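Here is a short note to go with your first look at this structure. Keep the 3D view open and turn it as you read the points below.

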Amino acid sequence: MPLRPLPDTGASVAEPGIGARLSAPSAVRNADVIAGVLAVHGPHEGRALELASGTGQHVVAFANALPHVEWQPSDIDPDRRASIDAWAEASNIRPAIALDATTPGWGAEHARQNMIVLVNLLHLISEAEAHILLHEVSVALAPGGMFALYGPFLRDGQTTSDADAEFDARLRARDAETGYKDAGDVAVWIREVGLHVLEPLPMPSNNLMFLAHQPL
């Protein structure tokens, strides 16, 4: 089930920058905040895979916050992979790879990850694709490895602001299978793939950060 092209929404908009670099306003706003959470809760060495890395601005912040972790960014879009590589100046960031996180099988190919990070994607894919993604995350994580999932979520079936309600409605109007997932459902899905999930952390702009661990 291939990942559909991202809809033209605020979550996926990227503006031209210097050379191949693209700049996403959302990444400018949240990269350092997310990196701060990973620096506190994530492993300080080992291997980390970022799914759907987008412009590359997030992984730069993550690599700076965790300089002894080897970061592997990935994306399905060649233009965004070029942007990632153009942004990546730190020695602990590997060249971006093509990876569709919603297709079966990639977990075994990228096994033994100490951390996997996913930012702002779950609302852009279907529930069926989300289940595939989470299963593959569980396969790819090393024992004790951490999964960090950031984005907007429903709470008890409801959005938390007018802006979120409008954004969710736009997503569903373009593709009824996409849209915000409920935080309670996502916690259940994560547990169903065998990970131990913590209470989600509140983040700016009504977003949440789920942290889950592979049992030892």
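1. Let's start with the aromatic rings. In this predicted model, a search of the whole structure turns up three aromatic pairs. Take Phe153 and Phe210 as one of them: their ring centres are 5.1 Å apart and their planes meet at 75°, so this pair is edge-to-face.

2. Where do Phe153 and Phe210 sit along the chain? Phe153 belongs to the loop between strand S7 (141–151) and helix H6 (162–174), while Phe210 is part of strand S10 (residues 208–213). The two are 57 residues apart, and the pair links distant parts of the chain. Phe153 is buried, with a relative accessible area of 2%, and Phe210 is buried too, with a value of 1%.

3. Next, please look at Phe167 and Tyr180. Their ring centres lie 6.0 Å apart with the planes at 85°, so this pair is also edge-to-face. Phe167 is in helix H6 and Tyr180 is in the loop between H6 and helix H7 (183–192), so the pair ties together parts that are 13 residues apart in sequence. As for accessibility, both Phe167 and Tyr180 are buried.

4. A ring can also have a charge over it, and there is a case to see here. The charged end of Arg21 sits over the ring of Trp87, at 4.3 Å from the ring's centre.

5. Now for the parallel strands. What is the sense of the pairing between S3 and S6, and over how many bridges does it extend? S3 (46–51) and S6 (113–119) pair in the parallel sense over four bridges. Within this pairing, Glu50 stands opposite Val117 in S6.

6. S3 also pairs with S4 (69–75): five bridges join these two strands, which run parallel. You can find Leu49 standing opposite Gln72 in S4.

7. S6 and S7 are joined by six bridges and run parallel. Two partners in S7 are worth picking out: Ala148 is the bridge partner of Val117, and Leu149 is the bridge partner of Leu118. Val117 is thus a useful residue to click on, as it stands opposite Glu50 and has Ala148 as its bridge partner in S7.

8. How many residues of S4, S6 and S7 are buried? In S7 nine of the eleven residues are buried, so this strand is largely enclosed by the rest of the structure. In S6 six of the seven residues are buried, so S6 is largely enclosed as well. S4 likewise has six of its seven residues buried, so the rest of the structure largely encloses it.

9. Helix H1 (residues 25–41) deserves a look of its own. Its 17 residues reach 25 Å from the first C-alpha to the last, close to the 24 Å expected at 1.5 Å a residue. Even so, H1 bends by about 40° at Ala31.

10. Which residues of H1 are buried? They are Ser26, Ala27, Asn30, Ala31, Ile34, Ala35, Val37 and Leu38. As a reminder, an α-helix has 3.6 residues a turn, so residues three or four places apart point the same way. The cover over the buried residues of H1 includes H2, S4, S6, S7, strand S9 (201–202) and S10.

11. For a change of setting, go to His68, in the loop between helix H2 (57–65) and strand S4. Is His68 buried or exposed? With a relative accessibility of 64%, His68 counts as exposed. Apart from neighbours within four places in sequence, His68 is in contact with His44, Glu45 and Gly46. The C-alpha atoms of His68 and Pro43 are separated by 9.3 Å, with their positions 25 residues apart along the chain.

12. Finally, a point on the backbone. Most residues other than glycine have a negative phi. Ala52 has a positive phi of about 50° although it is not a glycine. Ala52 lies in the loop between S3 and H2 and is partly exposed, with a relative accessible area of 27%.

13. Asp156, which is not a glycine either, has a positive phi of about 50°. Asp156 is found in the loop between S7 and H6, and at 76% relative accessibility it counts as exposed. Phe153, which is buried, is in the loop between S7 and H6 as well.

Conventions
Residues are numbered from 1 along each chain as its sequence is written. This is a predicted model: local features need pLDDT of at least 70, side-chain atom pairs count only at pLDDT 80 or more; totals for chains, interfaces and linings use all residues. Side-chain values use heavy atoms; hydrogens and water are left out. Rings of Phe, Tyr and Trp (its six-membered ring) pair if their centres lie within 6.5 Å; planes under 30 degrees apart count as stacked, over 60 as edge-to-face and the rest as tilted. Buried means under 20% relative accessible area, exposed over 50%, partly exposed in between (1.4 Å probe, protein chains only). A charge sits over a ring if NZ of Lys or CZ of Arg is within 6 Å of the ring centre and within 35 degrees of the ring normal. Contact means heavy atoms within 4.5 Å. The expected span of a helix is 1.5 Å times one less than its number of residues. The bend at a residue is the angle between axes fitted to the seven residues ending there and the seven starting there. Two strands pair if DSSP finds at least two bridges between them.
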